Amino acid sequence: MSADPSTLAVLHNTEKSRFEVTEGGLLAKAEYMVTKDARIVFTHTEVPAEWEGKGVGSRLAKTGLTYARDHDLKVMPLCPFIASYVRRHREEYQDLLAPGFNV
């Protein structure tokens, strides 16, 4: 990876219901579904092996959670990575969790 993870552009691909980073032919993504009752369900996060441990997954998580906050969506992090991110940043994101959903 040539770029600093903090400078990577995370794009919101609404057509595919995911947040994504692409560089050098590689794709990292955080997939989601939005429900009729204003919940965003994060279902899967995938980061290429070449990018693991470089902050790309965290950038995807942060962008997705910021989107949820900005659009008044309650979060259901079914994806283990997103759930772990929320747990590690509990003070910042605990209020976004859907009622009755704990990480």
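Trainee: What makes strand 2 and strand 3 count as a pair, and in which sense do they run?

Mentor: Two strands are called paired if DSSP finds at least two bridges between them, and strand 2 and strand 3 have six bridges, in the antiparallel sense, so the criterion is met. One of the bridge partners is A30 in strand 3, which belongs to F19. The two strands form a hairpin with two residues between them, and G24 in the turn has a positive phi of about 60°. Strands here are DSSP runs of E with at least two residues, and helices are runs of H or I with at least four, numbered from the N terminus. This is a predicted model, in which local features need pLDDT of at least 70 and side-chain atom pairs count only at pLDDT 80 or more, while totals for chains, interfaces and linings use all residues. Residues are numbered from 1 along each chain as its sequence is written, and side-chain values use heavy atoms, with hydrogens and water left out.

Trainee: How do you know that strand 1 and strand 2 pair?

Mentor: They share three bridges in the antiparallel sense, and H12 stands opposite F19 in strand 2. Strand 1 and strand 2 also form a hairpin, with four residues between them, where S17 in the turn has a positive phi of about 50°.

Trainee: Why are strand 1 and strand 5 called edge strands?

Mentor: The sheet is open, with five strands in the order 1-2-3-4-5 and mixed pairing. Strand 1 (11-13) and strand 5 (74-77) each have a single partner strand, so one side of each is left without a neighbour in the sheet. Neighbouring strands are turned by 30° against each other on average, direction ignored. Strand 4 (residues 39-46) pairs with strand 5 in the parallel sense over four bridges, and V41 stands opposite M76 in strand 5.

Trainee: Why is helix 1 called roughly perpendicular to helix 2?

Mentor: Axes are lines fitted to C-alpha atoms, for helices over the stretch in contact, and angles run from 0 to 180 degrees between N-to-C directions. The axes of helix 1 and helix 2 (residues 80-88) come within 10 Å and cross at roughly 75°. Angles of 65 to 115 degrees count as roughly perpendicular, under 35 as roughly parallel, over 145 as roughly antiparallel and the rest as oblique, which makes helix 1 roughly perpendicular to helix 2.

Trainee: Which residues make up the contact between helix 1 and helix 2?

Mentor: With contact meaning heavy atoms within 4.5 Å, G57, S58, A61, K62 and L65 in helix 1 meet F81, I82, Y85, V86 and R88 in helix 2.

Trainee: What makes K29, in strand 3, a buried residue?

Mentor: Buried means under 20% relative accessible area, exposed over 50% and partly exposed in between, with a 1.4 Å probe and protein chains only; K29 has 15%, so K29 is buried. Not counting residues up to four places away in sequence, K29 touches R18, F19, E20, H44, T45, E46 and L60.

Trainee: How do you know that P48, in the loop between strand 4 and helix 1, is buried or exposed?

Mentor: P48 has 13% relative accessibility and therefore counts as buried. Leaving out residues up to four places away in sequence, P48 touches L26, L27 and A28. The C-alpha atoms of P48 and L27 are separated by 6.9 Å, although the two residues are 21 residues apart along the chain.
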